Amino acid sequence: LDYIKVGEFRMRIFGQKAMIGKKLSDLPFAVPITGVDTPAVSLRLLDGWPDETFPRQIKYDFELLETAIQFCRLGRAVVYFPDFVVKFPNENFPSALWLHEIPLPAGFKSKPLPIFVGRRKNEEETALIRKIARLARTLD
C-alpha cells in the first residue's frame, strides 16, 4: 500500500466538567481494548497516550467507541480522543451530556498526528480519495 498524508489532528482529554481540575493520577481513563496499528508511521498505539512519560490510571477497557463516550457522559471516565470524535455527540445531545476538554498535564507536548489515506501501489488518485482528503483537512 501507498499512504498519502491528507491532514493532521491533535488528541485531547475529554470528560464531564467535574473532571476538570483533578490530578492526572485521579482521572479514570477509558482506553480501547484493541490497539491501532499504524504502519504509515511505524507506531503501535492504544490511544496515542505517552504512558512511559505520563503514567495514568486506566480504569476501563472498551471495544466500542460509543460505550467509552457514554461512560464519559455519565462522569465515570475520561478519554484521550481527537476533538472531531467528540464534536458530533456534543452537537446532538443536551449540554448536560457534553464532553469538555480537560487540560493536559504540565509539560505534556501534544504533537499533531497525521491522517493518511491508503491506496494500492501504482493506483491512480480517484475522486473518492480526493473527497476523503478534503474532508480530512476540515477536521482540525
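Ala, Val, Leu, Ile, Met, Phe, Trp, Tyr, Cys and Pro are counted here as nonpolar, Asp, Glu, Lys and Arg as charged, and the others, Gly among them, as polar. On that basis, the lining of the second largest pocket comprises eight nonpolar, four polar and three charged residues. The model is predicted.

The second largest pocket has a volume of about 280 Å³. Its lining consists of 15 residues. Gly48, Pro50, Tyr80, Lys109 and Lys111 lie nearest the pocket centre. Of these, Pro50 and Tyr80 belong to the nonpolar class. Gly48 is classed as polar. Lys109 and Lys111 fall in the charged class.

Salt bridges were examined next. Side chains of opposite charge can pair when their charged atoms come close. Eight salt bridges are present in the structure.

One of them joins lysine 121 to aspartate 2. The closest N and O atoms of this pair are 3.4 Å apart. The contact links distant parts of the chain, with the two positions 119 residues apart in numbering. Lysine 121 sits in the loop between strand 9 (113-119) and helix 3 (127-137). Aspartate 2 belongs to strand 1 (residues 2-9). Lysine 121 has a relative accessible area of 54% and is therefore exposed, the cut-off being over 50%. Aspartate 2 is partly exposed, at 25%.

A second contact pairs glutamate 101 with arginine 12, at 3.6 Å from N to O. This pair also links distant parts of the chain, 89 residues apart. Glutamate 101 lies in strand 8 (residues 100-102), and arginine 12 in strand 2 (residues 11-15). Glutamate 101 is partly exposed, with 44% relative accessibility. Arginine 12 reaches 18%. Arginine 12 therefore counts as buried, since the limit is under 20%. The pairing does not stand alone: Arg12, Asp83 and Glu101 are linked in a network of salt bridges.

A further salt bridge connects the side chains of arginine 56 and aspartate 51, at 3.0 Å from N to O. Arginine 56 is buried, with a relative accessible area of 12%. Aspartate 51 is partly exposed, at 31%.

In this bridge, then, a buried arginine meets a partly exposed aspartate. In the bridge between glutamate 101 and arginine 12, the arginine is likewise buried, and the glutamate is partly exposed. In the bridge between lysine 121 and aspartate 2, the lysine is exposed, while the aspartate is partly exposed.

Methods. Residues numbered from 1 in each chain as written. Predicted model: local features only at pLDDT ≥ 70, side-chain atom pairs only at ≥ 80, totals over all residues. Heavy atoms only, no water. 1 Å grid on protein atoms, 1.4 Å probe; cavity = no way out; pocket = protein on both sides within 12 Å on 5 of 7 lines; lining within 4 Å. Points joined across faces, edges and corners; volume = space filled by probe spheres on them. Salt bridge = Lys/Arg side-chain N within 4 Å of Asp/Glu carboxyl O. Helix = DSSP H or I, 4+ residues; strand = E, 2+ residues; numbered from the N terminus. Buried < 20%, exposed > 50% of the residue type's maximum accessible area, 1.4 Å probe, protein only.
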